[in-house]
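Hi there,

Here is the structure I promised to pass on. Have a look at it first, and my notes on what turned up are below.

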Amino acid sequence: MRVPLGALAGAAALAGALSFVLLAAAIGTDFWYIIDTERLERGGLGEQDRAGGANRSQLEPLSSHSGLWRTCRVQSPCAPLMNPFWQENVTVSDSSRKLLTLVTLAGISIYIAYSAAAFREALCLLEEKVLLDEVDIRFGWSLALGWISFIAELLTGAAFLAAAQLLSLRRRQDQAI
């Protein structure tokens, strides 16, 4: 099957542009990690906790959604996460700053991946399994955009490799003639 070089280059450019747009949207939004406590708050009307204390319906809503740069609660303004690179007194080279950024993003990814498991383990230790059924913890659409961007970037790389291979074959054919 012969694929024209123009079509291959166009596919690579389109996949690269799509990857960039999706990654920019993923990084700029705050729906990477979502905690929904609506069922807990709705189901807790008139109930008391195990100690016989406060009514659950009087508690502040705990639902939130988090991004890479801030966390937003339902009835509160969004709070920015601490950014260690905006301190005025710190002198860090550009290469060190890029490395620290990658390490920070890796740390955030690990935190997101294991926080749901840690929450489940803590609830099991507290023997509050009913609470886990009423709290919905999930990854949001921002994370999905990030993964789709990653896949589009892989497709871009594959298209560029195929174009390079096609050019190499054409060069060999031209030299053989």
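Let me start with one pair of facing residues: in strand E5, Asp-136 is the bridge partner of Asp-36. Strands here are DSSP runs (E, at least two residues), helices are DSSP runs too (H or I, at least four), and both are numbered from the N terminus. Two strands count as paired if DSSP finds at least two bridges between them.

Before going further, a word on the source: this is a predicted model, in which local features need pLDDT of at least 70, side-chain atom pairs count only at pLDDT 80 or more, and totals for chains, interfaces and linings use all residues. Residues are numbered from 1 along each chain as its sequence is written, and side-chain values use heavy atoms, with hydrogens and water left out.

**The sheet**

The Asp pair belongs to the antiparallel pairing of E1 with E5, which four bridges hold together. Which order do the strands of the open sheet take? The five strands run E4-E3-E2-E1-E5, with antiparallel pairing. At the edges are E4 (79–80) and E5 (136–139), each pairing on one side only.

Moving inward from E5, strand E1 (residues 33–36) pairs with strand E2 (residues 64–66) over three antiparallel bridges, and Tyr-33 faces Ser-66 in E2. E2 in turn has three antiparallel bridges to E3, where His-65 has Cys-72 as its partner. These two strands make a hairpin with three residues between them. A second hairpin links E3 to E4 through five residues; two bridges join strand E3 (residues 70–73) to E4, with Arg-70 opposite Pro-80.

**The helix pair**

The axes of helix H1 (residues 5–28) and helix H5 (residues 141–176) come within 8 Å and cross at roughly 160°. Axes are lines fitted to C-alpha atoms, for helices over the stretch in contact, with angles from 0 to 180 degrees between N-to-C directions. H1 is therefore roughly antiparallel to H5 (under 35 degrees is roughly parallel, over 145 roughly antiparallel, 65 to 115 roughly perpendicular, the rest oblique). The residues of this contact divide into 18 nonpolar, six polar and two charged (nonpolar: Ala, Val, Leu, Ile, Met, Phe, Trp, Tyr, Cys and Pro; charged: Asp, Glu, Lys and Arg; polar: the others, Gly among them).

**Confidence**

The mean pLDDT (the predictor's confidence in each residue, from 0 to 100) is 78 for the chain, and 77% of its residues reach 70 or more. Over residues 51–57 the pLDDT is below 50.

Best wishes

Conventions
Contact means heavy atoms within 4.5 Å.
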